[in-house]
Amino acid sequence: LYMLDGKTGIYNDYNFNSDKLSDVLSAASFFPAFSGVSDNGDAVNHLVCALELPFGISASVKINNGTSFQWDYPNVWAALQYIAFIACKNCGLNSQAKKIAETYIALIDKTYFETGNLWEKYNGIEGSVSNHDYNAPPMLGWTAGVYMFLKSII
């Protein structure tokens, strides 16, 4: 179990060259609970608390090294909201799952009302379209799919 941090119970990226876990906390760590590999509710709750922004679950925590990636802070992606929601449900964290769903639905409703479009990614701090790395294109696919799934559950 190379990727399991024994202290936190969170699965992180593992660097085989340095024999170390990544120190970047990201939404990728929801995948073990999403897929049923882990049912550690404390670890998932820790992830929610660390990655939760006013308008959704961020792709990662803020990294202050000048590096910027497409899938980083404060970007909110539809797929990651779905994965975090299911991870919470799988661990019995129903109130956290409900909050993730309600927050995402409110974000999509807000930006659709303002722009007339669904978008590929959003800024989780401002509740706006994220053009941090490039001009985000309108996106119907996963944005609509996750929105409709969460609307049908909540």
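**Cavities, a sheet and a helix**

Visitor: How many nonpolar, polar and charged residues does the lining of the largest cavity have?
Guide: The lining holds no charged residues, with the classes counted as seven nonpolar and four polar. Here Ala, Val, Leu, Ile, Met, Phe, Trp, Tyr, Cys and Pro count as nonpolar, Asp, Glu, Lys and Arg as charged, and the others, Gly among them, as polar. This is a predicted model, in which local features need pLDDT of at least 70 and side-chain atom pairs count only at pLDDT 80 or more, while totals for chains, interfaces and linings use all residues. Residues are numbered from 1 along each chain as its sequence is written, and side-chain values use heavy atoms, with hydrogens and water left out.

Visitor: Which element gives the largest share of the lining of the largest cavity?
Guide: A cavity is a set of points on a 1 Å grid over the protein atoms alone where a 1.4 Å probe fits but cannot get out, and lining residues have an atom within 4 Å of a point. Those of the largest cavity include Gly9, Tyr11, Pro32 and Leu47. Two elements, α1 (31-35) and α2 (41-51), give two or more residues to this lining. The largest share, three residues, comes from α2.

Visitor: How much space lies in the second largest cavity?
Guide: A search of the whole structure finds two cavities of 30 Å³ or more. The second largest is lined by Glu52, Leu53, Gly56, Ile57, Gln81, Ile100 and Thr103, and β3 (52-53), β4 (56-57) and α4 (94-115) each give two or more of these residues. The space in this cavity, as filled by probe spheres set on the grid points, is about 30 Å³.

Visitor: Which strands stand at the edges of the open sheet?
Guide: Strands (E, at least two residues) are DSSP runs, as are helices (H or I, at least four), numbered from the N terminus; two strands pair if DSSP finds at least two bridges between them. The open sheet has the order β5-β6-β7 with antiparallel pairing. Each edge strand has a single partner strand, so one side of each is left without a neighbour in the sheet; these are β5 (75-77) and β7 (128-129).

Visitor: Which residue stands opposite Asn75?
Guide: Three bridges join β5 to β6 (residues 121-123), and the two run antiparallel. Opposite Asn75, in β6, stands Asn123.

Visitor: How far apart are the end C-alpha atoms of α4?
Guide: The expected span of a helix is 1.5 Å times one less than its number of residues. The 22 residues of α4 should therefore span 32 Å, which agrees with the computed distance of 31 Å.

Conventions. 1 Å grid on protein atoms, 1.4 Å probe; cavity = no way out; pocket = protein on both sides within 12 Å on 5 of 7 lines; lining within 4 Å.
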